[in-house]
Each structure stands twice: as structure tokens, then as C-alpha cells.
Amino acid sequence: MPIAQFPILKLIPERWVPSRRFAQKTERNNTNVFAKARALVEERRARGDLRDSVADRFLQGAIKSDVPLTVSQVNNTLLGTLHQGASEATTSGTLTSILLLAKHPNVQEKAQTELDRICGTKRLPRWSDHNDLLYINCIVKEGLRIRPVYVDPGELLTMLTGTCRAPNSIPYRAKEDTWYDGMLIPKGATVFLPVYALNHTYYDDAEVYNPDRYVNHRESSSAYAGADYRNRDHYAFGAGRRFCAGIQLGERTLWRMIAKILWAFKIEPAIDENGTLIKVETGADAFEGGLALRPKPFKVRFVPRSARHAEVIRQTALGVEEFLREWE
């Protein structure tokens, strides 16, 4: 939050800061939504309908917080932050890869050759295939590198307009005086991690979408998160002690979605009412966002790769519907 980083902003009268009023309204709305979600869970449990979920485990005491939490904090954290953080980041990251893949059919073909070799046409890829589907791993990493989901708004402004940026990402605090490139970073100084800039600094042709740059980073991103910076794959999940706590869940979910989409479909440009292909734009101005960077609305076509692929998709969907009935 800007006020947490720059306390002097608290001195500005509220009537001059519409964003503060908007934040307060949003906080009230979110709190009400998750309080209702909590009430629905408790109502279900009171009927004897107990399920294997994080909320159920917490309410029955199987999961305990190591610090005291109010009812509102439990609702907003347990039912809010965990859900929203995962869904927003995963959705944005998946849309970014879909957009980039639509522009690069050669990347799709390379991944599908690998998918056909490992999975054939009888089944969708599984997480257990990860070590055999290394090019899917490359696609996920490159999407996160070239257009990281979370960038600070100043970086986003710079990316889109070329103007100067002001820091507003997750802050770090210098533990001691440190000299870097002739500059003193004094103890206690606030340091911001420029994710987008880092992801576009340590690679040649950084604006070129090229999953092949990761053929030597065969492991998942969590394996490199604590590595020497010269061997990092990307900084989309952050760095240091404050890198994303959901790094494993986020990357695995992206991997599963991209692998299954590419197994099942060819992603092609959409066609307008005149039968003309709609150009796929992937430059900086094709993206928008505040906290989360995501593509602007775009159109593509998902074309089943064969009748056999389409049938497997239909049968799999039926199984998923059966599984999801437990959570209705």
C-alpha cells in the first residue's frame, strides 16, 4: 500500500484522495462477500455435510494459525486471499501464454510433437509427465518472463508509455550498509524489486518470445528461486525471502493448463465477419492492468487437433462434472 510505504501520504485530507474512499468501499464489499462465504460453509457443516477443504479443516481445528486472528481476518485470508491470489495470477498467466502461442504456431507445433510422443491421442497430459514434457515447462517460464503477472504500477507505466516510474512493489529493507555499482544502499533503506526490468535485462533479445531460452532450466521455478542470480530462470515470482509463497501451486497450475490446452487444440487467430484473419497483437500495448498484468480482451480460435482429441475432451469433461458435483 502506498501509505504504508510513504506515511506522509496519511496527512492528505481524505476528501482529496478518492482512491482512499474507493479502497475503503472495496474492503467493506470484500469483507461482506467472504463473511457470507463463511456463513454458507458453517451452515453446510451444521447439516452434517463435511468436506475435504481448507475452510473445513480450519473450522474443525485441523489447521491452526500461529498468530491470533479475528473472525474477519480468518474470512478474508482463508476464504479470500488464498482463493483470489491463485485465481487472478493463474488466469492472467494462462491468458498471456494463449495470446503468445496464437502468435507463434511454430512453438505450438514443437510442444505438440513432444505431447504426442508422451501422451499419444488416448489421454490428456498429467503432472507426472512433467519431466518428460520439458518444452511445456519452457513455454510456462517464457510467458512468465516476458510478461510477468505481477509488476509494480510504475513499471507498467514505463512499459506502456516509456515514462519515468515510481516504485510501488513489494518492499525489501536493507539489513546493513551495502555498496552496489558505486552507490551506497544504507542500512534500513527500502529496496524495490523491478520484476519486469530484471526479466528484460538478463537475456539477449528480451522482447522476443522464445521458450527455447529455457531448455537448460529443466526444473520448476521453485528449484531456482534460491539460486545464484546468474542461474535464475526468471523473477516473475520475486526473489529473496519474500518470493511468492504460492510458487509451486502457481507454476504447476499453469503447466497443467497449458499442457492440456496444447494437447487438445491448435490456437489460431480469430476470423472477422468478412472472413479475414484478425491480427494477433502481443506487444506491450496489448496488455493492461494495475496490480496484475494481463492481456487486453482478444479473440482466438481453439481448433480440436483431431476427432479423437475432441472425443477425449468430451469424455474428460463428463468426469470433471461428476467430480465437481461434490462441491456444488
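Helices here are DSSP runs of H or I with at least four residues, numbered from the N terminus. The model is a predicted one, so local features need pLDDT of at least 70 and side-chain atom pairs count only at pLDDT 80 or more, while totals for chains, interfaces and linings use all residues. Residues are numbered from 1 along each chain as its sequence is written, and side-chain values use heavy atoms, leaving out hydrogens and water.

Helix H10 spans residues 307–324 and includes Val320. With a relative accessible area of 41%, Val320 counts as partly exposed, that is, between the cut-offs for buried (under 20%) and exposed (over 50%; 1.4 Å probe, protein chains only).

Turning to the interior, the largest nonpolar core (buried Ala, Val, Leu, Ile, Met, Phe, Trp, Tyr and Cys residues joined through side-chain atoms within 4.5 Å) has 42 residues, and Leu101, Ile136, Ile139, Leu262 and Ile267 touch the most other members. Helices H4 (71–103), H5 (105–119), H6 (134–146) and H9 each put in at least two residues, with H9 giving the most, 9. Another core, of 6 residues, lies apart from this one and includes Val41, Ala55, Val74 and Leu78.

As for contacts (heavy atoms within 4.5 Å), Ile139 has Leu101, Tyr209, Ile258 and Leu262 among its partners beyond four places in sequence. Ile247 lies in H9, which covers residues 247–264, and is buried because its relative accessibility is 3%. Beyond four places in sequence, Ile247 is in contact with Ser221, Ser222, Ala225 and Phe237.
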